[in-house]
Amino acid sequence: MEESQGDFLPSDVPESTSSNNCERNTSSAHSNRWSGFPGVKKRGHSSRSWIKIDQDGNVKILELDKAKIMRRCSLPSRDLRLLDPLFIYPSTILGREKAIVVSLEQIRCIITAEEVILMNSLDINVVQYKSELCKRLQAKKDQSDDLPFEFRALELALELTCMSLDVKVKELEMEIYPVLDELASSINTLNLERVRRLKGHLLTLTQRVQKVRDELEHLMDDDGDMAEMYLTEKKLRSEGNTPHEINPLTNFSGGTRQVSKSAPVSPIASTSGAPRLQRAFSSIVTASKQGSLTSSHGGDNIEQLEMLLEAYFVVIDHTLSKLLSVRGLYLYTVDMLVLSHPTGLEGNVQNHLIQFELLLTAATFVATLFAAVAGVFGMNFAASIFDYPSAFSWVLIITGAGCGLLYFSFFLYFKYKKIFPL
C-alpha cells in the first residue's frame, strides 16, 4: 500500500515530508521530555501485577493493563478505580454482567464465574485472603458445595472484613475505657489530648463499619442487584442457548430474561409482513417462557444469597452496636465533666490556681505568727525567762506545734466547706 501511494506522490514535495518529520520529532521530544519525570506516566498504558486464582485454587501472577482488564471482565473504567490502592474509597460491592467488583477495606478484587483477580500486594489482608481462598478451594475440590464459586469468594471477603473490623473495635474498647475513667477522675491537658485522639479513631471506625453495613443492607433490599451476582448461572444459561434462540430484542435484567418494550421496528426491514410478524411473536413467546422458568429458578438462588448476606449483616451490625455503645459512654463522660466543670479546662486551671493561692495564704499567715513570736523574744527587754538556757528552745517548739495545728485546722475547715477536694 505504501509503494502504491508512493507512485502517485510527486517528486517535488520534500518540504511537506520534512515538515511532518519535524512535527514527529517535536512530538517525540515532547513525550521524551515528559517521560523523563519518574512520577508522570501515560494514562491507560501502565501494566500492573495481578493475582489470578482459579476454581481449583491455583495461583498465577498476571501483568495486565487497564484495557485488558476491562476486556477480560467486561467492566467499565469507573469500576476499576475502586481497585486502585492509591485511593481510598468506601466499601462497595457491585454486580456486573460477567463479574462482581468487591472493594471491602483492603480487599479489592474482581470475581468472575471462573476466577478471582486481585491486586498483587504485600498487605496482610490481601495475603490472608489469597492463602485462605486457595486453601478452601483446594479442600472443597472433591466435596459437593451448594455455593457457586463467586459466592465462596465473596463470602471469604466479607468474613475477613468483618473479622478485621471487629478486632479493631475490640482494640479501641481496650484503649478508650481506661482513658475515659482517668479523665473522669482528673482533667488535664494530657488526658484531654488522648481522648481527642481516640475520638478521631472512633468516628473513623464508625464510618467504615457503617458503610459496610449500609452496603449489605442495600444489596439485600435490591433483588436485581443480587440476581446480577449469579455469574455461574448466567454463564451456564448463556452456554446452553444456541445462537438462533437468542433474540436481539431481549436483554437480561436481574438474572431473568426480559423483552425490551422500547425496541424500535424498522419499516424498511419489514418487507414480508405476516411471516416476519409471526416469527417475531413466536420468539417473544418463547423468550417469555424461558424468562418465567429462569425467574422461578432464580428466586431460590436470590434467597440463598440473601441468607448469606444476612449472616454477615448480623455480624457487622453487632460490631456497629459495640461502637455505638463506646460512643454513648464517651458522650456520657463528656456530659458529666461539663456538669461538674462548667467553665471548661481554662476554668479548671484557674480553680487549681485559686486553691493553691489559698493554701499559700494560710501558710503565710501561720509563718507570720511564728515570726511574730520570735521577734517578741528578740527584743531587748529584761525577763526572767532568759535565766533558763533551754527556755527559748521550748518556746520555739511550742510555737511551731501551735502553728502546725493551726494550719491543719485550716485544712479541716476547707474540707468542711468543700472549697476544694483533699
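**View 1. L324 sits in helix α10 of this predicted model.** Helices (H or I, at least four residues) and strands (E, at least two) are DSSP runs, numbered from the N terminus. At 46% relative accessibility, L324 counts as partly exposed. Buried means under 20% relative accessible area, exposed over 50%, and partly exposed in between (1.4 Å probe, protein chains only). The C-alpha atoms of L324 and T206 are 7.9 Å apart, with these positions 118 residues apart along the chain. Because the model is predicted, local features need pLDDT of at least 70, side-chain atom pairs count only at pLDDT 80 or more, and totals for chains, interfaces and linings use all residues. Residues are numbered from 1 along each chain as its sequence is written, and side-chain values use heavy atoms, with hydrogens and water left out.

**View 2. A nonpolar patch on the surface joins Y177, L329, Y332, M336 and L339.** Together they have about 510 Å² of accessible area, computed by the Shrake-Rupley method with a 1.4 Å probe, where for residues only the protein chains shown count as cover. Patch residues have over 30% relative accessible area and no salt bridge; like charges are joined within 9 Å, nonpolar side chains (Val, Leu, Ile, Met, Phe, Trp, Tyr) within 5 Å. Helix α10 (residues 273-340) gives the most, with four residues. Y177 belongs to helix α6 (residues 149-185). Y177 is partly exposed, at 31% relative accessibility.

**View 3. D79 and R96 form a salt bridge, with the closest N and O atoms 2.7 Å apart.** D79 lies in helix α4 and R96 in the loop between β3 (92-95) and β4, so the pair ties together parts that are 17 residues apart in sequence. A salt bridge is a side-chain nitrogen of Lys or Arg within 4 Å of a carboxyl oxygen of Asp or Glu. The count by this rule is 18. D79 is buried, at 2% relative accessibility. R96 is partly exposed, at 22%.

**View 4. E105 pairs with R208 in a salt bridge (2.6 Å, N to O).** R208 lies in helix α7 (residues 189-221) and E105 in the loop between β4 and β5, so the pair ties together parts that are 103 residues apart in sequence. E105 is buried, with a relative accessible area of 19%. R208 is partly exposed, at 27%. E105 also has a positive phi, near 55°, in a residue other than glycine.

**View 5. E105 is one of the residues lining the largest cavity.** Its volume is about 60 Å³. The lining also includes L104, Q106, N125 and L160. Elements giving two or more residues to this lining are α5 (124-139) and α6. Helix α6 gives the most, with three residues. On a 1 Å grid over the protein atoms alone, a cavity is a set of points where a 1.4 Å probe fits but cannot get out; lining residues have an atom within 4 Å of a point. Grid points are joined across faces, edges and corners, and a volume is the space filled by probe spheres set on the points.

**View 6. K211 and E215 form a salt bridge within helix α7.** The closest N and O atoms are 3.3 Å apart. Being four residues apart, K211 and E215 are separated by about one helical turn. K211 is partly exposed, at 26% relative accessibility. E215 is buried, at 9%. R213, D214, E217 and D317 are linked in a network of salt bridges.

Technical notes. 1 Å grid on protein atoms, 1.4 Å probe; cavity = no way out; pocket = protein on both sides within 12 Å on 5 of 7 lines; lining within 4 Å.
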